Amino acid sequence: IKAAINGRSRWQTRWMWPNTGYGSQNEPIIHFGLGDAVAVDSLEIQWPSGITEHYEGLPMNKYVEATELKGIQPIEFQQ
């Protein structure tokens, strides 16, 4: 993800590993701390298949779900 944080354009990278050992799994959520950023400049997703997708204009402080070759959709969590 790329955003202007503290006045400087910065890239942040996160990796998602669905499981880390026998019988285990991890929460499928990736969080980015964007500090004082007012917008997400761009998001790049590199899928295990080798496909790379680019997105711009994502909402701040919201959850989105990315699906390979199907884009990004906002999601709401039930509380």
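Two residues are in contact when they have heavy atoms within 4.5 Å. Keep that in mind for the exercises below, which use a predicted model.

**Exercise 1. Work out how the protein chain is built from helices and strands.**

Solution. Start with the tally: the protein chain has 0 helices and 6 strands. Next, read along the sequence, and you get the pattern β-β-β-β-β-β. Finally, look at the overall extent: the C-alpha trace spans about 45 × 35 × 25 Å along its principal axes.

**Exercise 2. Locate Ser 42 and decide whether it is buried or exposed.**

Solution. First, find the spot: Ser 42 sits in the loop between strand E2 (8–11) and strand E3 (43–46). Then take its relative accessibility, which is 14%. Buried means under 20%, so Ser 42 counts as buried. For the wider picture, buried residues make up 22% of the 79 residues in the protein chain.

**Exercise 3. List the residues that Ser 42 touches, leaving aside its neighbours within four places in sequence.**

Solution. Set those neighbours aside, then apply the contact rule from the top. That leaves Ile 1, Lys 2, Trp 11, Tyr 55 and Glu 56 in contact with Ser 42. Now zoom out to the protein chain's contacts with a separation of 6 or more: residues 24 or more positions apart account for 26% of them.

**Exercise 4. Describe the surface and the charges of the protein chain.**

Solution. Take the surface to begin with: the protein chain exposes about 6,700 Å², and carbon and sulfur atoms supply 50% of that. Then turn to the charges, 6 positive and 9 negative, whose mean positions are 8 Å apart.

Conventions: Residues are numbered from 1 along each chain as its sequence is written. This is a predicted model: local features need pLDDT of at least 70, side-chain atom pairs count only at pLDDT 80 or more; totals for chains, interfaces and linings use all residues. Side-chain values use heavy atoms; hydrogens and water are left out. Helices (H or I, at least four residues) and strands (E, at least two) are DSSP runs, numbered from the N terminus. Buried means under 20% relative accessible area, exposed over 50%, partly exposed in between (1.4 Å probe, protein chains only). Accessible areas come from the Shrake-Rupley method with a 1.4 Å probe; for residues, only the protein chains shown count as cover. Lys and Arg count as positive and Asp and Glu as negative; His and the chain ends are not counted. The place of a charge is taken as NZ of Lys, CZ of Arg, CG of Asp or CD of Glu.
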